[in-house]
Amino acid sequence: MERCYLREIVCESFKKAESEIPSHSRYALAMHIADKTTLSSKTLERAYDKYVSNKESKYKKIGDASVNLLCEYLGFNNYQEYVKSKNRNIQKKEDVINGSKPINVTKNNKKNLLIKIASIIFIVVAIGYFFSQITGAKIAKCMVWVKMEYQQVDCNTSLQPEYEADIMPFDANKLKNFKKLNVTITTDFFDKVTNKPLVWYIKNNDEIEYFSSPGLHPVTGKTLRAITPYIINKYVPVHTNNKNSFISE
């Protein structure tokens, strides 16, 4: 039996005894181990002096039978099982230090590896897209009226000459649906099924402006009115230079 293992077995036996009784004197620990095994307390004290304290002693060596009894006390069937357990632990530590054990690369392993790589790439792309959407929303979350429609702008943008009104909070519905219209007699002013108005107007200094949605005028803030046949007959020309605008008498 190797001396290094004998030292560990004796040391671990006394450590275990320390966890089981309140008194940690060598004598008390030896008595406790003796009570748990068929060994004598004197044998245990001598083994402690020789293998743990490294004291010079006439005590030659702990016997094989005694070692097996201590291994049983530690939870092993015998000395050989104890050594095998230690060797397994040493191998695990070496694997951790030197890296994992070589992987037996098979077709399934390759397939699983490719799937994992593809999954990682997908996650990275998805995260990138998500943050780009958030960043984009933060950069352009306001809008401003420019000539015929609202345009999306950065809220920190300074007023430009082409802006006809102040920058306002972003409104997706208004950005998409609220437009200034150039109408002709061929324009669909009313829904063909419900007959509800499709155009709204406002009169400014004898000039009429038309819009695609109800609400407030983007520059003056005045309330728009729904189109009526009277307004159409009075202000919309019967024809324009566009040949498609002519109507038959």
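# Helices, strands and pairs

Visitor: In which helix does D49 lie?
Guide: Bear in mind that this is a predicted model. D49 belongs to the run of residues 41-51. That run is helix 3.

Visitor: Is D49 buried or exposed?
Guide: The cut-off for a buried residue is under 20% relative accessible area. D49 comes out at 15%, so D49 counts as buried.

Visitor: Leaving aside its neighbours within four places in sequence, which residues is D49 in contact with?
Guide: Let's set the residues within four places of D49 aside, as you ask. What is left in contact with D49 is R26, N54 and K55.

Visitor: How many Å, N to O, for the salt bridge of R26 and D49?
Guide: Side chains of opposite charge can pair when their charged atoms come close. R26 is in helix 2 and D49 in helix 3, with their positions 23 residues apart in sequence. Their side chains do meet in a salt bridge, N to O at 2.5 Å.

Visitor: Which residue forms a salt bridge with E45?
Guide: E45, in helix 3, is buried, with a relative accessible area of 10%. The partner sits in helix 2 (residues 26-36), 19 residues away in sequence, and at 32% relative accessibility that partner counts as partly exposed. The closest N and O atoms are 3.2 Å apart, and the residue that pairs with E45 is R26.

Visitor: How many residues apart in sequence are the parts that E149 and K179 tie together?
Guide: The side chains of E149 and K179 meet in a salt bridge at 3.1 Å, N to O. E149 lies in strand 2 and K179 in the loop between helix 7 and strand 4, so the parts tied together are apart in sequence by 30 residues.

Visitor: And are E149 and K179 buried or partly exposed?
Guide: E149 has a relative accessible area of 29%. K179 has 24%. Buried would need under 20%, so E149 and K179 count as partly exposed.

Visitor: Which residues are linked in a network of salt bridges?
Guide: The structure holds six salt bridges. As for the network, its members are E8, E12 and K86.

Visitor: Why do the buried residues of helix 4 line one face of the helix?
Guide: In helix 4 (residues 64-73), the buried residues are S66, V67, L70, C71 and Y73. An α-helix has 3.6 residues a turn, so residues three or four places apart point the same way. Seen down the axis of helix 4, the buried residues line one face because they fall within an arc of 155 degrees.

Visitor: Which residue follows helix 4?
Guide: Look for a positive phi, near 105 degrees, just after helix 4. The residue there is G75.

Visitor: Is the disulfide of C142 and C155 right-handed or left-handed?
Guide: There is one disulfide in the structure, and it joins C142 to C155 with S to S at 1.9 Å. C142 is in strand 1, and C155 is in the loop between strand 2 and strand 3, 13 residues away. The torsion about the S-S bond is about 95 degrees, so this disulfide is right-handed.

Visitor: How many of the residues of strand 1 are buried?
Guide: Check both faces of the strand: C142, V144 and V146 are buried on one side, and M143 and W145 are buried on the other. Strand 1 is largely enclosed by the rest of the structure, because the buried count is five of the five.

Visitor: Which strands stand at the edges of the 2-1-3 sheet?
Guide: That sheet is open, with three strands and antiparallel pairing. Strand 1 pairs with strand 2 over five bridges, while two bridges join strand 1 to strand 3. Each edge strand has a single partner, so one side is left without a neighbour in the sheet; these edge strands are strand 2 and strand 3.

Visitor: Which residue in the turn of the strand 1 and strand 2 hairpin has a positive phi?
Guide: The hairpin leaves two residues between its strands. The one with a phi of about 60 degrees is K147.

Visitor: What is the strand order in the open sheet of four strands?
Guide: Strand 4 and strand 7 each have a single partner strand, so they belong at the edges. Strand 5 and strand 6 run antiparallel and are joined by five bridges, with W200 opposite F211. The order is 4-6-5-7.

Technical notes. Residues are numbered from 1 along each chain as its sequence is written. This is a predicted model: local features need pLDDT of at least 70, side-chain atom pairs count only at pLDDT 80 or more; totals for chains, interfaces and linings use all residues. Side-chain values use heavy atoms; hydrogens and water are left out. Two strands pair if DSSP finds at least two bridges between them. Buried means under 20% relative accessible area, exposed over 50%, partly exposed in between (1.4 Å probe, protein chains only). The arc is that of the directions from the helix axis to the C-beta atoms. A disulfide is a pair of cysteine sulfur atoms within 2.5 Å. Contact means heavy atoms within 4.5 Å. A salt bridge is a side-chain nitrogen of Lys or Arg within 4 Å of a carboxyl oxygen of Asp or Glu.
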